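Work through these exercises with the structure open beside you. Try each task before you read its solution.

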Protein chains: 2
Amino acid sequence: MGRKRTKSGKIRLAEVAELAGVSPITASRFFRNPEALSIGKRTRVESAAKELGYVPNLAARALASQRTEVIGVLIPSLTNNVFSDVLRGIYDASEGSRYSIQLSNTRYSILQEEKLLRLFLAQKPAGLIVTGIDQTTESRAMLEAADCPIVQIMEIGPDPVDMMIGFSHYDAARAAVAHLFEQGRRKIGFVGARMDPRVQRRLDGYVSAMKDAALFEQRLVVTTATPTSVTLGGALFTDLLAREPNLDAVFCANDDLALGVLFECRRREIAVPEQIAIVGFNDLEFMASAVPTLTSVRTNRYEMGKTAATMLIEAIDGRRPEQPVLDLGFRVIERQSSSPRHSDSRPTVSSAGAANKMVALPSSHD
Amino acid sequence: MGRKRTKSGKIRLAEVAELAGVSPITASRFFRNPEALSIGKRTRVESAAKELGYVPNLAARALASQRTEVIGVLIPSLTNNVFSDVLRGIYDASEGSRYSIQLSNTRYSILQEEKLLRLFLAQKPAGLIVTGIDQTTESRAMLEAADCPIVQIMEIGPDPVDMMIGFSHYDAARAAVAHLFEQGRRKIGFVGARMDPRVQRRLDGYVSAMKDAALFEQRLVVTTATPTSVTLGGALFTDLLAREPNLDAVFCANDDLALGVLFECRRREIAVPEQIAIVGFNDLEFMASAVPTLTSVRTNRYEMGKTAATMLIEAIDGRRPEQPVLDLGFRVIERQSSSPRHSDSRPTVSSAGAANKMVALPSSHD
DNA sequence: AGGAACGTTGACAGCGCTACCAGCAACGAC
DNA sequence: GTCGTTGCTGGTAGCGCTGTCAACGTTCCT
C-alpha cells in the first residue's frame, strides 16, 4: 500500500540508498557532507545516484531542514545599468555554490521593499542582499531580527545591519566637483534624475563642495523624479542653461544624463570642454568611447556584487569576514570632457586608440 | 508531545485555522481558492491570518502538492540591455500573480542551458521561459517531455516546443537593408559582435538582401565573437573602413555598436549621414537622442517579456492561448543617420525637441 | 415527499527529506 | 581488561501543507 501518489518513474533518495545498499539517511549525508561517510559507501552512493540520475527534491529538503538554500536579493530597478552590473557579480559568485538567487524588484519604494522583505524572511532564506541603507523602521527591525547573514550593498554608512559593501556617494560627488574646480571651473551645474537616496547623496556631496567654495547657488541644481534617460539628460541640461547661461561645467548624477548633455551640447554647438565641461557618474563603458571622451566617476559595481555574494556565502557557511564593512571606493576617471579649457581637446585618432584599449576594463561586460 | 522542533513563535496554518475556528484544510483552501468557502468562514480565516501575520510555507506547499509556483527563466546574458528589457516585462507580468521568477544565465552556451534545464525541470517548475530556438537535441527532448507550459522568446521559427513569442531577425535585417537601399546606399557594411544565433540570423538577412541586389561582398562583413560594446563598434568600423574605403552605409547588429560607429565617424570627421549612413538594431532609448539621431530597428522587448510571462501564467492556469506562436514584429525607425545624402541632416534644435518627445516611448525605462 | 445535485467542510494519510539520538565497532589510555 | 572516545551508521519521527474522499446540510427537481 502506501505511497499511493508516487509516480513510478520518480527517483527518490530511498531508491538511491537501496541501490547503494545503505540506509536513506546515509545517502542523504552523502549529498550534504560526503566527508562523513566511509570511502566505500561514499563511492557506492555516488555511482548509484549517477546511475539513477537522482536530483534532490529541494522542497522536501527545505521542509525537513527548516532552511532553504536561497539568497534573496532586493534591488530597486532592473532597468538601470548599474544594477545589472551588480547583479552579474552576484550571479557569478553564486554559481558553483549550492545557493540560488531569488531576485525581487522594489521599484525604488521602501514600502514595497518592506513587503518583499517580509515575504522573503518567511521563507527562511540562507542569506539576504539588500540595496542601500534607507530602510523603513519596520524593515530595519525585521533585518535585525533575521537569523541569516545580510549584506547591504551600494552604499556605506554608520551601523550596518550585518555586513555592508559599497562606497560613499557623498565623497564621490565631492571628488567629482573638486576635479572640476581643479580644471578652473566655477559655475558648475548639477543634473539629476530619479533622485533615489544614492543620487540624493551625490547631490548632497555636490552641494557641500560648492558651499565650501562659496559657489553654491540653488539655480545650478536641476533635478527630477522621472526615471533617468539619455534624452532626459538633454532636457534637464536645457533647463539648466536657461537658468544659468554662463555655466561652465555640469556634474551629472549618472552617465546616461551625461551622454544626453553631450548630445545636447553638440546640437547647440556648445564646445565640450572649451565652453562646458561634463562629468558623469558610474563610468559606463561608452564614456571612454564618446567624442570627446567623457569624464566619469568609476564605481566597482561588478566587484561589489561579486564580493557581496561571496561574503554572504562565506558567512552562511560560518566563516564571517574579519571586516564586516567594506568600502570599495571610487575613482574619478579624467577624460577629455573635463580637460582644461585651453588644452587641445581633440587628439582625435590617437585618443580613439586609447579608448579602444579600455575594452579590457574589469567592470565591463560578460 | 510531538512538534518537538517547532519554534514557539512560528505561525502555521493550524494556528490560523484554530483562531478562525475552522479545520486546517479549510484554511488551506482559503489561500488557494477562496471562492470555495462560504462568506463567513472566508472572512474569519482572512482576519485570523492577518492578525497572526501568517505567511504560507512554500516548501511545505511544494512538497505536498508536488508542484512549485516557480517560473524558470533561461536567458543568455544579464548584461545585454535587450534582456534587461525582456526581464523587466517578465517580472512585471509575474508581479501580482502567485508565481515567482527563477532566473538563470546560460552565458550563450547551449550546453550550459541543457544543464540548467535539467536542474530546473527536476524541481517541477510551473512553467518555463527559454531564449531562442537553438537548443541541443537533449534540451529539446527534455522540453518536449516537460509537463509544464513553455514559452520560447526572442525569435519565431518553425515547430515551437509549446508557445513562442518573438520576431524574425532575418526579416528585420532585410528590412533595415531595404531601407538603406531606398536611401540610395549601395556599399553597405555589416558590423556584428557576439554572433549568437539571433545576431547570426540578422547577418543572414543582411546577406540575402545584399545578394538579392547583387551587392554582396564578403569583405563588407566584419564580425567578432567578442561581447558587444560601444568601443568595439568603433574598432569594428575601423576594420570595415580599411577593407572598403568607399563604404556608404553600415548596418550594425545592435545599437551599442551603432553608437560606437557614430563616435568613430565623428573622430574621423566622416559626415553622417552625408558620407556614411548608420542603422542600428533594437532602438534603445539613446538612439533618438544622439546627434545625428540614429536609425534603428525597433523591437518590442518589454512587451515580449510581459506577454511571454502573461501567456505562460494563463497556460499554467489552464487557459491556453488560441495563438501559440506570436510574431511581435519590428519596425524600422527612420532617423537622421540614414536620411538621403542631400537632405538637411541637422535641423538641430527642432530635432532635439522631437527627440525629447520620445521620452514617452513605451519600451523605455521603468 | 423523496431523492438527486450541489456547495461546503473535515479526517486522514502522506509528499521526500533531515534532525535527533541511539547504537555499534574500532581504538587508545590507564 | 575496562572505560571512554571517536567514526560511522541507522531508526524514528516529524517538517507544514495538500490530495483524496467521505460526509454533511441545503436546495431543487420530479
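**Exercise 1. The sheet**

In what order do the 6 strands of the open sheet in chain B stand, and is their pairing parallel or antiparallel?

Solution. This is a predicted model. Step one: read across the sheet of chain B. The order is β2-β1-β3-β4-β5-β11. Step two: check the directions. The pairing is parallel. In general, strands of a sheet pair through backbone hydrogen bonds, in either a parallel or an antiparallel way. Step three: find the edges. They are β2 (100–105) and β11 (325–327) of chain B, and each of these pairs on one side only. Step four: follow the twist. From one strand to the next it averages 15 degrees.

**Exercise 2. One strand pair and a helix**

Find how many bridges join strand β1 of chain B to β2(B). Then find the helix that packs on the sheet and touches both strands.

Solution. Step one: locate β1(B), at residues 70–75. It is joined to β2(B) by 6 bridges, and the two run parallel. Step two: pick a facing pair. Ser100(B) in β2(B) stands opposite Val70(B). Step three: look for the helix. Helix α6 of chain B, residues 110–122, packs on the sheet. It touches β1, β2 and β3 (127–131) of chain B. Step four: compare directions. The direction of α6(B) makes about 175 degrees with that of β1(B).

**Exercise 3. Cis peptide bonds**

Inspect Pro273(B) and Pro292(B). Which residue does a cis peptide bond join to Pro273(B), and which to Pro292(B)?

Solution. Step one: recall the usual case. Most peptide bonds are trans. Step two: go to the loop between α11 (255–267) and β9 (277–279) of chain B, where Pro273(B) sits. Its cis partner is Val272(B), with omega about 10 degrees. Step three: move to the loop between β9 and β10 (296–299) of chain B, which holds Pro292(B). Here the cis bond is with Val291(B), and omega is about -5 degrees.

**Exercise 4. Positive phi**

Where does Asp159(B) lie, and is it buried or exposed? Do the same for Glu269(B).

Solution. Step one: recall that most residues other than glycine have a negative phi. Step two: take Asp159(B). It is not a glycine, yet its phi is positive, about 30 degrees. Its loop runs between β4 (150–155) and β5 (163–167) of chain B. Its relative accessible area is 52%. Exposed means over 50%, so Asp159(B) is exposed. Step three: take Glu269(B). This non-glycine residue has a positive phi of about 55 degrees. It lies in the loop between α11 and β9 of chain B. Its relative accessibility is 60%, so Glu269(B) counts as exposed.

Key: Residues are numbered from 1 along each chain as its sequence is written. Chains are lettered from A and ligands numbered from 1 in the order in which they are written. This is a predicted model: local features need pLDDT of at least 70, side-chain atom pairs count only at pLDDT 80 or more; totals for chains, interfaces and linings use all residues. Side-chain values use heavy atoms; hydrogens and water are left out. Two strands pair if DSSP finds at least two bridges between them. Helices (H or I, at least four residues) and strands (E, at least two) are DSSP runs, numbered from the N terminus. Axes are lines fitted to C-alpha atoms, for helices over the stretch in contact, and angles run from 0 to 180 degrees between N-to-C directions. Contact means heavy atoms within 4.5 Å. Buried means under 20% relative accessible area, exposed over 50%, partly exposed in between (1.4 Å probe, protein chains only).
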